[in-house]
Amino acid sequence: MSEILTYLGKDEEYEVYELFFGPNHPGMSGNFSYILTVDGHTIKKVSPDPGLLHRGFEKLVERRLWLQNIALIPRICVPEPDINEMVYSTAIEKLCHIDVPLRASYIRTIVLEMARLSAFLFGFGGIGGTTGLYTASYWSISDRDYLLDLFEWLTGARVYHMYILPGGVRRDLPNGWTEKLKETIDYLQKRLNEYDRLIYNNPLVIKRLKGLGKIEKELAIEYGITGPNLKATGVKYDIRKMVPYAAYDKIDFDIPSQNEGDGLARAIQRREEFQLSLDIIRKALKDIPDGPVRANMPNPLKFKVPKGEVYVKIESARGEHAYYIVSDGGDKPYRMAVRGGSYTAGLILAQKVLVGCRIEDVALWMATMDICPPDFDR
Amino acid sequence: MIIGLLFYGIILSFLALFVRKKYNFLRWIIFSFYIFLTLFLTITIGKDSTYFETFNLISILNFDLSLNFRITPLGWLFTLFTTLLLFLTSIFSIVKNKNEDAERLINFFWFILIISNTGLFLADDLFTLFIFWELIGISSYFVISPGWVSSFRAVNYYFIFSIICSFFMFSGIMILYEGTGTFSIQKNVLYFISLFENSPLNAIFVAISLIIGFFVKSALFPFHIWPAQAHAKAPDDFSSVLSGIIIKYGLYRTILFFIPLFLFIKEYPVNHIMVNNIPLFSHILAWSGAITSIIATFLAIESNDMKKLAAYSTVANMGYITTALFSLSSFGIAGAIFHTINHAIFKTAIFLSIAAVKYRTHETQMHKLGGMAYKMPVTFLTFLLAIISAAGIPPLNGYVSKWMIYQGLLSSKFPFLTLAIFLSSTGAFMYLFRALHSIFLGQLPEKFDNVKEVPFLMQIPMYILMFLMVSIGIFPQFVINLINSVLTSYNISNINIKNSMIFSPLSGIDSVKVFLAFTGSFILAFILYLIGKPRKHVQPLDTYTAGQDPADFNLTRELYHFAYKFYGPFEHMFDSFRTDTKEFYDSIERKINEIGGYFRDFQSGSIRGTIYTFMLSFVLIIIYWWLL
Amino acid sequence: MNQKELIEYIKNNFKGIENIKSIDEKQFSITVQKERIINILSFLKLSNFKELALITAVDWIKEEKIEVVYILFSYEYEQQLIVKTYIDRQEPSIESIKNLWEIATMYERDVHEFFGIDFIGNDDKRPLILHNWKDIPPLRKDFDSLKYSNTIFGKFKKDKE
Amino acid sequence: MMNNYIVRFLIGSLTSIILGLLYMGIGRKFIARIRRCYAGPFYQSFIDVIKLFSKHSISHHWIMDFGIMMGFSGIIATVIFLPIGNFYVFPDMKGNLIIIMYFMTIGYLGMAMGVSASGNPNSPIGIGRALALMIGYEIPFALAVILLIFANGSSLLYNIIQTQQGSIYNWNLLKYPFAFIGTIIALQGMLGEQPFDAMIAPAEIASGPMVELSGKFLGFGFLQHASQIFLETGIITAMFLGGGTIIGFFTKQLFLYLLTLSIASVFPRFRFEDGVKFFWTIPTSFVLFQLILFLIKR
Amino acid sequence: MELYSTKKLKDEGFEQILNFFRKKSLWMLHYCTGCGAVELPPTMTSRWDMERFGMGPMATPRQADLLLITGYLSLKSLKRVIYTYEQMQNPKWVIALGSCPINGGIYYDSYSVINRLALYIPVDLSIEGCMPRPEAIIEGFIKLMKQIENGEAVGYKKYQENYKWYKQNQDSVLKREFPVLSGEEK
């Protein structure tokens with residue numbers, strides 16, 4: 001239907017021209033492409049060309065053991081890899097009915113929120129980079145490194161952590177790590193004021209973002225938009241609150257939401273969620289109990305998952321990140337389907353919302369929607 | 001000699017009527033020859049001669065009706081450049097119209113127009129002026145509308161405006177005649193000046209009736225719409241005449257009447273309202289020029305039809321000229337006259353190159369063109385030099401006159417007029433570049449792969465125009481000396497010029513040095529170019545497509561050319577203003593159609609109907625005169 | 001409505017459900033006949049299952065069946081619903097639901113590419129992700145990824161430098 | 001006589017290029033400090049230019065070569081009319097402001113023509129934006145120029161500088177502060193820095209006009225930008241900061257450039273029509289206010 | 001099949017002097033081909049500050065000297081990468097980040113990811129690791145700079161020299177006309 005919506009008449013063909021937006025375009029986040037049919041400065045038609053990051057995860061996981069896959073799946077989503085481990089582990093735990101120790105749940109919560117923070121910081125940088133406010137991206141990306149350092153300390157890797165395993169987490173928190181995390185959280189809290197001054201209170205940023213790619217509540221639900229983008233339209237829905245996982249049901253927090261559904265609302269929503277993540281980490285650090293960090297698990301090589309299927313979703317920085325996992329009782333997953341947070345936004349909603357926008361809005365729209373191509377390329 | 005020339009011309013034009021359609025080009029060769037003869041004679045007579053000629057038409061009692069011709073510096077200057085440009089256009093037309101199935105009658109009218117041109121500028125009395133003025137009006141009417149319907153509506157605009165113009169002009173002349181009893185321009189101008197002292201009400205009526213013709217002919221606000229309609233629909237080679245020459249007639253007449261008047265008032269400002277040391281009326285006129293230039297600039301930025309764009313550009317230039325002229329400083333007046341000449345040259349160049357493109361592609365919508373420069377380099381160069389000149393960029397001719405206009409405006413302290421000219425001048429750069437890009441650069445559509453450069457005979461005028469633009473830009477002294485003699489004849493202080501160095505009250509420029517600075521820089525650039533590693537030529541579609549292979553997406557060159565709505569969002573800034581203006585003009589158009597409707601009832605044939613309308617109005621004017 | 005009531009409600013109001021099963025307290029699955037798929041989905045959409053989260057498929061090679069899975073979600077009941085149907089593996093085809101959810105166009109195109117399922121009514125069968133694919137759809141169970149990779153990318157084992 | 005001019009010409013053009021590149025390098029270091037990093041050495045821009053000229057390049061048509069050379073020579077030819085400290089290439093035309101304003105456009109025209117001939121739609125989009133912004137910043141700038149010409153009775157920068165000599169209180173900056181503010185904002189647009197960098201906006205149109213420039217053509221673009229920095233800061237230095245001798249002049253230019261960069265580093269970019277609107281409202285009213293004040297006082 | 005030429009292709013003479021400037025001003029193409037790109041922003045921005053070495057991201061291949069293959073390359077990307085590489089101007093260099101362009105890495109058995117990049121375009125330097133840390137990336141850059149200074153980074157010359165060989169390899173994966181597994185072998 002979107003094809004019909006953006007159908008171009010024969011007589012218009014002289015008036016339009018095509019513009020390739022990506023893959024090697026500075027405004028494109030990741031390896032992805034929109035082919036824009038433009039009339040003057042206004043976009044008439046958007047055709048996405050995904051698949052440039054396709055690795056065939058859904059096939060590859062079928063060839064590996066249940067636990068081997070832990071090494072593979074973080075690579076599905078690069079800016080925020082922990083969510084994959086979490087979804088996968090949760091799915092296995094649900095299928096096998098494994099109970100995760102409470103301390104492990106809390107650690108998972110902290111790690112996930114840290115990953116969210118780093119994804120949001122990337123998002124700040126995205127708004128900076130696409131609007132020409134490069135200072136913001138320089139700052140936010142270097143601030144993100146404080147979090148990556150903590151990850152490195154905790155897991156041994158900066159980006160792909162492979163830390164959350166079925167049954168718990170790989171290791172306990174090292175000595176002194178918690179204090180350092182608290183310091184970092186306080187530092188980020190302090191920096192948030194600077195970001196407010198630089199980005200969210202900047203009249204020009206507001207001017208650019210206001211009314212950008214406005215999405216109505218109904219349209220968002222119809223198109224399967226989730227996460228901060230949905231909350232920015234006024235639907236107060238958060239998986240962490242409504243279908244809790246990890247230790248979110250034990251932590252008390254409120255979901256922020258906006259009403260406008262435009263670029264500004266989405267940006268502010270992300271800023272609010274940044275604050276929320278800081279708060280959640282603080283609370284989690286306060287409440288974290290002692291105890292084991294991993295349930296007893298069988299030998300990974302002989303580990304089998306009972307027959308069944310489950311759809312597990314968690315709240316990522318881009319929305320609902322979910323796996324549909326089917327097990328035939330064997331030692332390998334029988335089928336795993338990935339539903340990335342920005343699948344619908346990047347591939348389908350873009351065709352509708354970007355029509356009528358301007359060329360300069362595409363990159364900014366992608367930044368405010370936080371579109372991550374690996375999500376839908378898999 | 002002038003009368004002989006005119007007679008000879010009339011004979012030739014009748015002869016040309018009998019040339020068979022197959023030998024269409026022969027007709028144009030005759031024209032070119034005739035114009036060349038005029039040019040030759042103009043040059044031989046020389047600007048300083050006190051040449052006078054008279055030809056008695058009728059003489060009843062003591063009422064002499066004769067055609068009088070006199071060479072004045074201004075008239076001579078105008079004759080010179082208009083004839084030169086007509087000559088170039090006619091050479092261009094030889095090939096262009098070879099296969100045109102234009103009516104013989106139209107060629108006849110065109111010829112009449114060419115003859116009248118000389119007559120108009122050399123006329124010594126108001127009667128002669130009016131006769132040739134009307135001849136030009138009627139003949140250009142027939143040339144613009146060579147019988148097909150599409151151009152008919154456009155031409156109606158032009159013609160209705162012409163009628164209004166003639167009506168007022170005639171009544172003005174008659175009032176003056178009543179006072180002086182003679183048609184002599186000099187005497188009438190003096191009378192006109194004294195009329196301002198004696199009976200200001202009458203004088204203002206005369207002034208308005210004379211100036212309205214100027215407003216209409218020179219397309220000043222609020223009459224700035226007709227050129228876009230008429231130019232866009234006129235034959236391509238005639239557009240250049242319309243834009244380069246015909247639009248200047250009003251200006252010529254205005255200089256004739258109003259400059260002496262305003263200079264007089266400026267000198268003896270007793271009993272007159274003065275603003276900034278110039279008469280209020282002059283100030284208003286200067287402002288109307290500024291407003292015209294701004295509005296026309298924005299209209300040009302919006303237009304997508306290349307002929308319309310160039311036509312609006314003409315209007316904008318008329319705006320500058322008016323503003324400069326009525327700033328009444330010597331630099332202003334000299335700049336205005338100089339810019340008139342320059343504008344005629346570069347606008348002819350622009351229209352000829354547009355005509356060349358249209359000759360090969362039959363397309364005037366700019367977004368459907370593109371990449372013509374790769375196929376038509378000479379046309380492209382002409383257009384490029386013309387737009388450099390039009391945008392007033394050194395070192396071509398446009399900048400000298402624009403610089404003089406600025407000196408004039410700034411030295412007589414008109415901040416906002418200067419600003420208006422700055423604004424429209426930058427705007428000129430915007431729309432001219434847009435035309436350059438959309439027509440000549442960017443991607444060449446596949447359907448124009450077989451387009452060739454125009455025939456050599458058509459290139460000749462382009463070469464000459466290029467030469468003129470460059471040489472006037474480097475050595476403006478030759479033209480400025482001619483203008484100085486015009487200034488002398490109006491008792492205005494001359495432009496201080498020493499070789500190529502022009503001194504103004506504010507500063508001075510040496511155009512040779514400006515040219516040398518540019519040449520030197522270009523040589524520097526060229527040396528750097530040679531130092532750098534060699535460049536490789538690549539195919540047009542081998543461009544940055546963000547990594548995508550264009551072949552995968554069936555990308556055609558046509559689909560990779562950005563030309564439509566070039567300044568879209570910028571144009572949208574003026575949306576509310578535009579709708580208001582459009583409504584205003586639509587209502588005027590409805591009114592005109594309504595009035596036209598009455599006359600259509602009066603006579604069924606529409607072209608003839610308008611002519612009868614004209615005659616009727618003529619009678620009405622005479623009655624009006626008697627009543628007065 | 002909690003899950004139990006919801007299951008009851010669906011059972012009572014829609015005939016032809018083969019199997020309905022709770023997975024956990026927020027999630028349950030329905031299996032229907034292939035022919036009934038549009039009916040059940042439109043019924044569910046009207047019963048507030050407004051979000052179509054995913055369309056995917058599972059290749060049950062032993063049973064010679066392909067399972068098409070529609071994952072829905074309701075913001076009202078906060079329930080995830082997995083709607084399943086089985087189609088023939090040799091000539092897999094099913095009615096398209098692009099008129100129910102516009103986004104299904106892209107999901108169906110995706111599933112068509114990876115499983116070779118023909119969605120009747122969805123004419124957009126242009127390749128979306130894969131480049132110049134000539135083999136059997138890659139997510140079929142009988143497609144051997146390693147062999148494929150070795151054949152095409154591992155041809156030049158020897159280092160030529 | 002002729003030799004004399006050639007030497008003067010070379011001094012003028014090379015100074016502008018070298019100093020422009022130097023300012024660029026210093027500017028990059030400066031902006032890096034705002035972004036909490038170091039950036040390369042101050043002579044980085046020189047290395048970049050030499051490297052660019054040592055690279056192979058492509059061209060779609062000879063018009064592209066010609067246009068880009070014309071663009072570069074346009075800017076150099078403009079610099080020739082600028083006072084460099086108290087040095088004038090043409091002693092009889094000491095910085096004619098109107099010539100400078102018009103000569104600048106040939107640089108833009110050449111560049112615009114060259115990149116349009118490359119046939120990439122991104123380039124004309126960028127050029128279109130640049131030209132639209134140009135009509136925006138020309139208004140406040142032209143008003144400031146008109147104001148200064150009225151105040152000095154001359155359109156020569158030389159005379160404008162002369163009246164500012166003596167003490168700092170004679171500077172037009174203090175005499176006409178509002179005009180200075182408006183002009184500084186216009187300078188932001190003239191240099192194409194944020195918030196008015198819509199013409200190159202990499203994230204939107206992949207660096208716009210520069211999209212097809214490679215090797216030496218990009219080198220020309222670099223040199224053109226360098227001279228443009230020198231030229232435009234130079235004009236404003238002469239107009240408002242009292243010109244000065246060589247060292248003073250260059251310091252003031254650098255100060256202006258760094259001021260521009262520090263504004264640029266905390267603002268995102270306007271859409272170009274918003275930029276035009278902004279230029280026509282805020283800076284224009286600043287300068288207009290000053291002009292009216294001046295006219296009333298007179 | 002055309003043989004791979006191993007002619008000596010070192011830069012000499014005047015080029016050596018120019019290489020000094022080239023190495024100090026490496027402009028990389030802003031193209032994130034894979035997941036390794038996530039470590040590039042830290043490398044570029046304040047913490048590791050790549051600009052110290054005169055490096056910076058560039059918008060289009062025409063302007064860039066350095067093509068970074070940041071990790072695995074899917075077939076679809078490979079086509080774009082080759083197109084981009086051919087649009088870049090000499091001298092140009094390619095750095096492959098991560099293990100995947102060397103032998104497929106973790107995606108060795110994927111039907112979509114190529115295993116060995118050096119078969120399709122000449123790689124001047126590979127930085128191993130999954131993914132390489134910013135320090136490793138910078139180390140790699142410095143190594144490339146040394147190679148350039150010594151005139152050894154001549155991948156682009158190899159490409160010209162062995163264009164047919166490369167083209168054949170590229171075509172064998174990109175332009176196949178038969179199914180790979182059941183189809184006829186070429």
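Visitor: Which residues are exposed on the other side of helix 5 of chain E, away from its buried ones?

Guide: This is a predicted model, in which local features need pLDDT of at least 70, side-chain atom pairs count only at pLDDT 80 or more, and totals for chains, interfaces and linings use all residues. Residues are numbered from 1 along each chain as its sequence is written, while chains are lettered from A and ligands numbered from 1 in the order in which they are written. A residue is exposed if 12 or fewer other C-beta atoms, placed from the backbone, lie within 10 Å of its own, buried if 20 or more do, and partly exposed in between. On the other side of helix 5 of chain E, the exposed residues are Glu135(E), Ile142(E) and Lys146(E).

Visitor: How far does helix 5 of chain E reach from its first C-alpha to its last?

Guide: Helices (H or I, at least four residues) and strands (E, at least two) are DSSP runs, numbered from the N terminus. The expected span of a helix is 1.5 Å times one less than its number of residues. Helix 5 of chain E, residues 134-150, has 17 residues, and close to the expected 24 Å is its reach of 24 Å.

Visitor: Within what arc do the buried residues of helix 5 of chain E fall?

Guide: The buried residues of this helix are Pro134(E), Ile137(E), Gly140(E), Phe141(E), Leu144(E), Met145(E) and Ile148(E). They line one face of helix 5 of chain E because, seen down its axis, they fall within an arc (taken from the directions from the helix axis to the C-beta atoms) of 145°.

Visitor: Which residue takes a positive phi just after helix 5 of chain E?

Guide: The cover over the buried residues of this helix includes helix 1, helix 2, strand 4 and strand 5 of chain E. Just after helix 5 of chain E, a positive phi of about 75° is taken by Gly151(E).

Visitor: How many C-beta neighbours inside 10 Å does Leu52(A) have?

Guide: Leu52(A) lies in the loop between strand 3 and helix 2 of chain A. Contact means that the C-beta atoms of two residues, placed from the backbone, lie within 7 Å. Not counting residues up to four places away in sequence, Leu52(A) touches several residues, among them Pro23(A), Phe32(A), Ser74(E) and Arg80(E). Leu52(A) counts as buried because its number of C-beta neighbours inside 10 Å is 30.

Visitor: Which are the edge strands of the open sheet with the order 1-2-3 in chain A?

Guide: Two strands pair if DSSP finds at least two bridges between them. This open sheet of three strands has antiparallel pairing. Each edge strand pairs on one side only, and these are strand 1 (16-21) and strand 3 (42-48) of chain A.

Visitor: Which residue of strand 2 of chain A stands opposite Phe21(A)?

Guide: Strand 1 and strand 2 of chain A run antiparallel and are joined by six bridges. Opposite Phe21(A), in strand 2 of chain A, stands Tyr34(A).

Visitor: At about what angle does helix 14 of chain A run to strand 2 of chain A?

Guide: Angles run from 0 to 180 degrees between N-to-C directions, and axes are lines fitted to C-alpha atoms, for helices over the stretch in contact. Helix 13 of chain A lies across strand 2 and strand 3, at about 155° to strand 3 of chain A. Helix 14 of chain A lies across strand 1, strand 2 and strand 3, and its angle to strand 2 of chain A is about 145°.

Visitor: Which strand of chain A gives the most to the side that touches chain C?

Guide: The contact takes 32 residues from chain A and 30 residues from chain C. Helix 2, helix 9, strand 6, strand 7, strand 8 and helix 13 of chain A each supply at least two residues of that side. With four residues, the most comes from strand 7 of chain A.

Visitor: Which two chains share the most contacts?

Guide: Chain B and chain C have no contact, with their closest C-alpha atoms 11 Å apart. In another pair, 63 residues of chain B are in contact with 68 residues of chain D. Of the eight pairs of chains in contact, the most contacts are shared by chains B and D.

Visitor: Which residue of strand 1 of chain D is the bridge partner of Arg535(B)?

Guide: Strand 8 of chain B and strand 1 of chain D run parallel, joined by three bridges. In strand 1 of chain D, the partner of Arg535(B) is Ser57(D).
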